[in-house]
Structure formats: structure tokens, C-alpha cells
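User: I am new to this structure and would like to go through it by question and answer. Please keep the answers plain.

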Amino acid sequence: MKIRLDENNYIAAYAIIGDVEDSIEVGFGEEVFNNLPCFLCKYENEKIVIDEDKKAEYLKEQEHQSQTYIIQSQIDEISMWLDEYDEKYKEYERCQRFGLDFEGDIEELNTQASEKQRLLIELKNQLKLLN
């Protein structure tokens, strides 16, 4: 494997096949990275060592990004549901104005919308706390 080091001897890039500019040859395969990004590893004394502090920081950031993504996805899903609810509610009001029957149970929709709105507020607060 060929590796390129940064100014602090952390691995900036590597190649199993081919070459990396300004690289050195080492007798290791990419399994030495233990499924982690190479920039968490340092080359010292002809060994590749995982920097445990950088690894912990990296994993913490990955967890933060994952939680943010999950919460944002839930917010988006609920927001879409509430947009659809708003359209159904407009349809209900139109039916009311024209004296027509509304196809659906508006009370059940209102109950669901209230629950979803409460959850949306909670998720937005969770997202604020993460950031």
C-alpha cells in the first residue's frame, strides 16, 4: 500500500493499486484502518496507529450527524403530512360552504394533526439542542 502523509504524519491518502502523489510504500493493507477513514491514522515508527482521541471525536461527530439526519427526516415527514392535512381541511371547509358531504372523518384528522403538530414541535426542539 502507498500512503501520503500530512505535516503531522497522519495519513492523508492511500492507494492499494496504483500510486498517490508524494507517497511512501508501506507493508500493510487497508484492513489496518479497521473500517475507519485513513485520516484517523498516523504513521510512526514504521507502524500505522489509530489516534484514539481523533477516532472518538470522529465517532462522536458521526453520531451527531446521524441523529440530526434522523430527526430532520422525521420533521420532513411530519411536515409533509401536515401539508396534506391542510389541503384536506381546505376541502372540508369548501364542502361546508357548499353544503356538501366531506369524504372523511374531520374529527379524526384533527386529532391526528394535533398529535403530529405536538411531535413536530418536540422534534424541532430536539434538533435545536443538537446544534
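Analyst: The questions below take up the sheet, the cores, the surface and the salt bridges of this predicted model.

User: In what order do the 3 strands of the open sheet stand?

Analyst: The pairing in this sheet is antiparallel. β2 and β3 stand at the edges with a single partner strand each, so one side of each has no neighbour in the sheet. The order is β2-β1-β3.

User: Over how many bridges do β1 and β2 pair?

Analyst: The two strands run in the antiparallel sense, and one of the facing pairs sets Arg 4 opposite Ala 13 in β2. They are joined in a hairpin with 5 residues between the strands, where Asn 9 takes a positive phi near 70 degrees. The number of bridges between β1 and β2 is 4.

User: Which residue in β3 is the bridge partner of Lys 2?

Analyst: Strand β1 covers residues 2-5 and pairs with β3 in the antiparallel sense over 2 bridges. The bridge partner of Lys 2 in β3 is Glu 25.

User: Which residue meets the side chain of Lys 2 in a salt bridge?

Analyst: The N to O distance in this salt bridge is 3.5 Å. The pair links distant parts of the chain, 17 residues apart, with Lys 2 in strand β1 and its partner in the loop between β2 and β3. The partner of Lys 2 is Asp 19.

User: Why does Asp 19 count as exposed, and Lys 2 as partly exposed?

Analyst: Exposed means over 50% relative accessible area, buried means under 20%, and partly exposed lies in between. Lys 2 has 25%, so Lys 2 is partly exposed. Asp 19 counts as exposed because its relative accessibility is 55%.

User: How many salt bridges does a search of the whole structure find?

Analyst: One of them is that of Lys 2 and Asp 19. In another, the side chains of Glu 87 and Lys 90 meet at 3.4 Å, N to O. Glu 87 and Lys 90 both lie in helix α1, 3 residues apart, about one turn of the helix. The search of the whole structure finds 2.

User: Which two residues touch the most other members of the largest nonpolar core?

Analyst: This core has 14 residues. Helices α1 (52-98) and α2 (106-130) each supply at least two of them, and the largest share, 7 residues, comes from α1. The two that touch the most other members are Ile 75 and Phe 102.

User: Leaving aside neighbours within four places in sequence, which residues are in contact with Ile 75?

Analyst: Contact here means heavy atoms within 4.5 Å. With the sequence neighbours set aside, the residues in contact with Ile 75 are Leu 120, Leu 123, Lys 124 and Leu 127.

User: How many residues does the other core hold?

Analyst: That core lies apart from the largest one. Among its members are Ile 11, Leu 40, Tyr 43 and Ile 48. The number of residues in it is 12.

User: What is the C-alpha to C-alpha distance of Gln 112 and Leu 82?

Analyst: Gln 112 is found in helix α2, and at 28% relative accessibility it counts as partly exposed. Gln 112 and Leu 82 are 30 residues apart in sequence. Their C-alpha to C-alpha distance is 9.4 Å.

User: Which residues make the nonpolar surface patch of about 320 Å²?

Analyst: One member lies in the loop between β2 (11-15) and β3 (24-25), namely Ile 16. Ile 16 is partly exposed, with a relative accessible area of 45%. The patch is made by Tyr 14, Ile 16 and Ile 17.

Technical notes
Residues are numbered from 1 along each chain as its sequence is written. This is a predicted model: local features need pLDDT of at least 70, side-chain atom pairs count only at pLDDT 80 or more; totals for chains, interfaces and linings use all residues. Side-chain values use heavy atoms; hydrogens and water are left out. A nonpolar core is a set of buried Ala, Val, Leu, Ile, Met, Phe, Trp, Tyr and Cys residues joined through side-chain atoms within 4.5 Å. Buried means under 20% relative accessible area, exposed over 50%, partly exposed in between (1.4 Å probe, protein chains only). Patches are made of residues with over 30% relative accessible area and no salt bridge: like charges are joined within 9 Å, nonpolar side chains (Val, Leu, Ile, Met, Phe, Trp, Tyr) within 5 Å. Accessible areas come from the Shrake-Rupley method with a 1.4 Å probe; for residues, only the protein chains shown count as cover. A salt bridge is a side-chain nitrogen of Lys or Arg within 4 Å of a carboxyl oxygen of Asp or Glu. Two strands pair if DSSP finds at least two bridges between them.
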